[in-house]
Each structure stands twice: as structure tokens, then as C-alpha cells.
Amino acid sequence: MHGRSIEWQTGRVVVSEAIGMRSSDNSIRTDSAILTVSGLSKEYDGTLAVDGVSFQVGCHEILGLLGPNGAGKTTTISMILGVLEPSAGSVTIDGKSLVTHRHQALERTNFTAVYAPLPGNLTVRQNLRVFALLYGLSAASERVETLLREFDLQPFRNTKCGVLSSGEQTRVALAKAMINRPRLLLLDEPTASLDPASAREIRSRIREFAIKEEVGVLWTSHNMYEVTEVCDRVLFLSHGKILLEGDPKTLPGEYGKATLEDLFVAVAREPLTLED
Amino acid sequence: MLVRVRRISAVLLRLFYLLRGSFARIVPLFAWQAVDIVLWGFISRYLNSVSSSHLNFMPMLLGAIVLWDFLVRALHGVIIGFMEDVWSRNFLNIFATPLSIAEYLTGLILFSIATSLVVLAMMVLLATAAFGLSLFVYGLMLVPFLLMLFLFGIALGIFGAAIVLRWGPAAEWLIWPIPALISPLACVFYPVSALPSSVQWLARLMPPSYVFEGMRQIVEGRGVSYASMAICAGLTLLTLLLACRSFLGVYRQAIRTGLIARYTAETVS
């Protein structure tokens with residue numbers, strides 16, 4: 001028997017120290033949360049896709065949301081983005097409730113996901129300019145130029161997004177995700193379909209962004225090496241509930257596993273055995 | 001307020017970018033209306049030459065087709081703007097921004113206003129230059145005529161967008177024929193009394209039927225019934241309200257079911 005037990009009744013992990021938030025010097029911070037998710041549930045035709053999930057993301061923190069396919073990661077992200085109405089629970093972004101202050105909450109949020117490519121029939125500059133205005137930016141052109149420089153997109157500024165390579169499209173999607181200087185950044189498998197060199201570059205950029213800016217990042221990935229390298233803290237979702245929570249570097253050892261990938265496989269195959 | 005304007009301008013700017021860079025989008029904007037003007041211009045000219053009546057078919061038929069195509073253009077302005085987001089699977093990106101539904105629809109309507117006015121100008125120029133038609137024959141009533149037809153076209157466009165949002169991209173094939181489906185009851189070329197009495201009540205529920213009746217009354221030298229125009233205005237506003245409510249209802253349902261987050265041809269049956 002290794003490590004901690006899991007309280008299935010509430011869907012929450014009984015780990016009191018887990019909400020600690022790491023700053024750039026890796027110390028625990030006590031800043032107010034950028035994202036607070038409380039008792040979030042989503043039911044489809046009697047099936048609970050997400051079941052009473054609660055967690056926080058702090059300033060400068062990168063939180064990994066892990067779990068097998070169908071665990072409820074994308075459903076959770078959709079609810080945080082306001083494009084899916086929860087059956088129960090609440091989402092608060094930078095102190096703004098998504099229900100009562102939707103506009104203010106979404107002004108502080110942005111995302112990128114492999115299943116939401118930017119329109120391929122607009123150029124890189126056109127797409128960024130449109131999204132700058134959608135987020136209500138006053139100096140849209142200046143912000144677009146800055147991002148084109150920061151993400152090495154100047155050679156592609158007048159290229160339609162649809163003809164860019166996967167790596168280039170990911171860079172454009174990330175530039176779009178940064179356009180409103182979000183307080184909360186949601187990244188749903190941001191490095192999927194990238195070669196290792198491009199993936200490393202993207203990880204490095206996001207890590208740097210999380211350190212420099214007053215931002216919290218929620219990251220989903222199936223690449224456990226990447227999660228270990230990037231995330232300050234991880235949540236394991238299984239069947240819509242949070243099963244485990246902790247530091248990705250120490251969590252496998254606490255459950256008698258050698259690597260985060262081994263732990264992931266155990267969660268995916270036999271989540272109940274982790275109680276033994 | 002300024003932020004709202006920026007978000008609305010984003011919807012407009014995206015459609016402008018698409019239009020500006022695409023020959024395939026610009027040509028259909030004018031082509032079918034131009035063909036209609038030429039076709040009905042010759043028909044009107046021919047009927048004037050063979051008819052023994054004192055009726056002038058030019059404002060009655062060609063004028064009617066200019067007004068009808070203006071309505072169709074208003075409808076298409078909204079639908080095409082909406083379909084651009086469907087075709088590029090852009091719903092998740094745009095609805096995860098602070099953009100509200102009212103702002104989104106306002107952007108589509110402004111795009112429709114811009115394209116409809118440009119196409120109207122083209123149609124009037126062509127009809128005047130080629131066939132000597134002057135819309136000024138309708139006098140000041142031209143303004144409410146155009147306004148009612150435009151608002152009804154917008155309402156149909158929003159209703160069509162709600163249908164596509166509810167039943168998926170394949171439902172676009174249901175909405176393109178809407179103008180053709182309603183045209184018999186809109187009484188574009190003939191009076192409501194020409195219809196079988198069993199369907200005349202349906203025609204009287206169609207705001208365009210009042211506009212085209214009024215247009216014919218002016219051409220025939222009779223006065224326009226202001227009561228009829230008031231009914232037309234009421235029906236038009238009611239249709240617009242119902243269309244907006246139906247779109248909002250479908251959107252809210254899409255948010256509840258998660259349709260917006262996974263909107264593709266494959267996920268919507």
C-alpha cells in the first residue's frame with residue numbers, strides 16, 4: 001500500500017496541501033486564485049461527464065489536467081470557456097463569476113485547442129486582428145505586430161492560416177491565445193501533432209509566459225514527460241472526478257509508480273486499485 | 001460602449017476580409033441580381049409592346065424584381081456571414097470570446113446592410129441605364145417599402161441561421177430555397193386576390209405582400225393604404241422579434257447541450 005487514500009464519495013482527493021501555488025522561484029504562493037472551479041458537474045442524458053469537480057489555479061501556476069480519453073477534461077475546459085452550461089457548480093475567473101459577469105470573465109481568458117483551429121481562409125495578421133477586436137483591444141494593430149514578432153510569425157503575416165504547417169499553426173493559435181494578455185490561459189493539448197523540437201519551443205514559451213505575466217495556466221496533455229517538465233501541479237481526472245492531485249515530480253512515488261506515465265496508465269486502467 | 005463597437009466591428013471586419021480577398025465571393029454578390037434585371041427587363045419591355053392595357057409593366061414587374069432581389073440580398077447577407085463561421089468551424093473560437101449574441105447578430109446585420117445597399121445601387125443603375133426604370137415612380141413610399149423588405153429579409157436570415165445552428169451544416173440546403181418558397185405568397189408579381197381564397201390569409205401574414213400590393217396601387221394611380229402599411233410594419237417587427245428569439249433559444253440550447261463546443265457536420269444529425 002502506497003501513499004494516500006481517495007475519497008470517492010465526494011470526488012475529491014483528501015490532500016490538504018495540494019492547493020499550494022508555485023511561483024517562478026518554485027516557492028508556494030498564497031495569491032488569490034486566478035481560476036476557481038467549485039462543484040462543477042455536467043450531465044448528459046443521465047450520464048455524468050464531469051462530477052462535482054473543484055480546483056483552483058493560482059497566479060504563475062501551470063496546472064496539468066490529466067486523464068484518459070473521455071475522463072472529462074475537454075468538457076471541463078468547455079464549461080470554463082462558457083461554451084457549455086454546467087449542470088451544477090460555478091466558475092470564477094479572476095474574481096468574476098462566469099454566470100453573472102460573463103463578459104468580464106471571458107475578457108480575462110483565452111485558449112488554444114487542436115480541435116479549434118483558426119479560420120484557414122484568413123491570413124495570420126487578419127486572424128489576429130479580428131481576435132484582437134473581439135477581445136475589445138484598443139491598440140489592436142500594435143498588439144498584433146508585437147505578437148507577430150514574439151512568435152516569429154512575421155514571414156507568414158500575409159499567409160492564409162490554412163496553408164501553414166502544424167507547428168506554424170500552433171504558433172499562430174498561441175499568439176491568438178495571448179492576444180488579450182489573459183489572466184487565465186487554457187491549453188488543450190497545445191503540442192499535439194508537433195515534432196519534438198517545436199514542442200520543446202512551445203513549452204518553453206508558455207513556461208516563460210507563466211513566469212513573466214500575472215497569469216494562471218490550465219494545461220491538458222497526454223505527454224507525461226511534457227507535463228512533468230512544465231506543470232507545477234497536476235490533477236488526474238477519471239470518470240469525471242478528480243482522482244489524484246499533487247506535484248508531478250513526486251506524485252508517482254507517492255503511489256508506488258516509477259513515472260507519471262505509469263501512474264497515468266494505472267489511473268486509466270484500474271483507478272480503484274490506487275486505493276489499495 | 002466602445003468595446004462593444006470593437007467587438008461588432010470584428011465580426012464585420014472578418015467578413016470584409018473574406019469578401020475582399022475572394023473573387024468567388026464577390027461575383028455571386030452581383031451576378032444573379034444582374035441576370036434577374038436583364039431577364040425581367042426584357043419581359044417587361046415585351047409585355048409593354050404587346051399589351052393593349054394602359055399598364056406600364058416596367059415599374060410593375062422590373063420594379064418588383066428590384067425590390068424582391070433587395071429582400072433576398074438582405075437575407076443572404078445574414079446567412080452568408082453566419083455560414084462563413086460554419087464552414088470554417090469557428091464557433092468555438094468566437095463564442096469563447098466576450099462577444100455577445102446581440103453583438104454577433106448586429107455584426108451580421110451591418111454586413112447585410114452594406115452588401116444589400118451596394119447590390120441595390122447596382123440593380124438600380126442597371127435597370128435605369130438598360131430599361132429606363134426609375135424607382136422614384138413609387139415616390140416617398142419607396143423608403144418604407146425598402147425598409148420593410150430589408151427588415152423581413154434580415155428576419156428570414158436570422159431564422160435561417162437558427163435552423164442551421166439547430167440542425168447542423170447540412171441544413172443550409174433548407175435555407176437557400178427560402179425566398180423561392182415564400183415568393184408565391186409574397187405576391188411579387190400579382191395581387192393577393194389572384195391567389196385561391198384558401199391561401200389568401202397566408203399571404204396576408206407575409207409582410208412583402210403588403211409592400212408589393214402598395215407598389216402596384218401606386219403604379220395604377222391608386223393611393224397606398226396606410227392601414228395596410230401599418231399592418232406590414234407590425235408583421236415585419238413581429239417576424240424580426242420571433243427570428244431573434246428563435247436564434248437566441250437555439251443558441252442557449254446549444255450551450256446547454258455542448259453543441260457549440262463540438263459543432264461539425266459529423267456531430268449534428
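Let's start with a single pair of residues: A:Thr92 has A:Ser97 as its bridge partner in strand E9 of chain A. Bear in mind as you follow along that this is a predicted model.

That pair belongs to a short piece of ladder. Strand E8 (residues 88–93) of chain A and E9(A) run antiparallel to each other and are joined by two bridges. Step back a little and a sheet comes into view: it is open, has four strands in the order E6-E5-E8-E9 of chain A, and pairs in the antiparallel sense. Strand E6 (47–57) and strand E9 (96–97) of chain A each have a single partner strand, so they stand at the edges with one side left without a neighbour in the sheet. Helix H1 (residues 73–80) of chain A packs on this sheet, where it touches strand E5 (35–44), E6 and E8 of chain A. The direction of H1(A) makes about 115° with that of E5(A).

Now let's move to another sheet in chain A. Six strands build it, in the order E10-E11-E12-E7-E13-E14, and the sheet is open with mixed pairing. Its edges are strand E10 (109–113) and strand E14 (241–246) of chain A, each of which pairs on one side only. From one strand to the next, the twist averages 20°.

For a parallel pair inside this sheet, look at strand E7 (residues 62–66) and strand E13 (residues 233–238) of chain A, which are joined by four bridges. Here A:Gly64 stands opposite A:Val234 in E13(A). Helix H1 of chain A turns up again at this point: H1(A) packs on the six-stranded sheet, touching E7, strand E11 (184–188), strand E12 (216–220) and E13 of chain A. With E11(A), the direction of H1(A) makes about 150°. H1(A) thus has contacts with the four-stranded sheet as well as with the six-stranded one.

Our last stop is helix H4 (residues 140–150) of chain A. Which of its residues are buried? They are A:Ala140, A:Arg143, A:Val144 and A:Leu147. These four lie on the same side of H4(A), because they cover an arc of only 100° around the axis. On the other side of H4(A) you will find A:Ser141, A:Glu142 and A:Arg149, which are exposed. And what do the buried residues of H4(A) pack against? Their partners are helix H3 (124–134) and helix H5 (166–178) of chain A. After H4(A) comes A:Asp152, with a positive phi near 50°.

How values were computed: Residues numbered from 1 in each chain as written. Chains lettered and ligands numbered in written order. Predicted model: local features only at pLDDT ≥ 70, side-chain atom pairs only at ≥ 80, totals over all residues. Buried ≥ 20, exposed ≤ 12 C-beta atoms within 10 Å, placed from the backbone. Arc of directions from axis to C-beta. Contact = placed C-beta atoms within 7 Å. Pairing = 2+ DSSP bridges. Axes fitted to C-alpha atoms, helices over the stretch in contact; angles between N-to-C directions.
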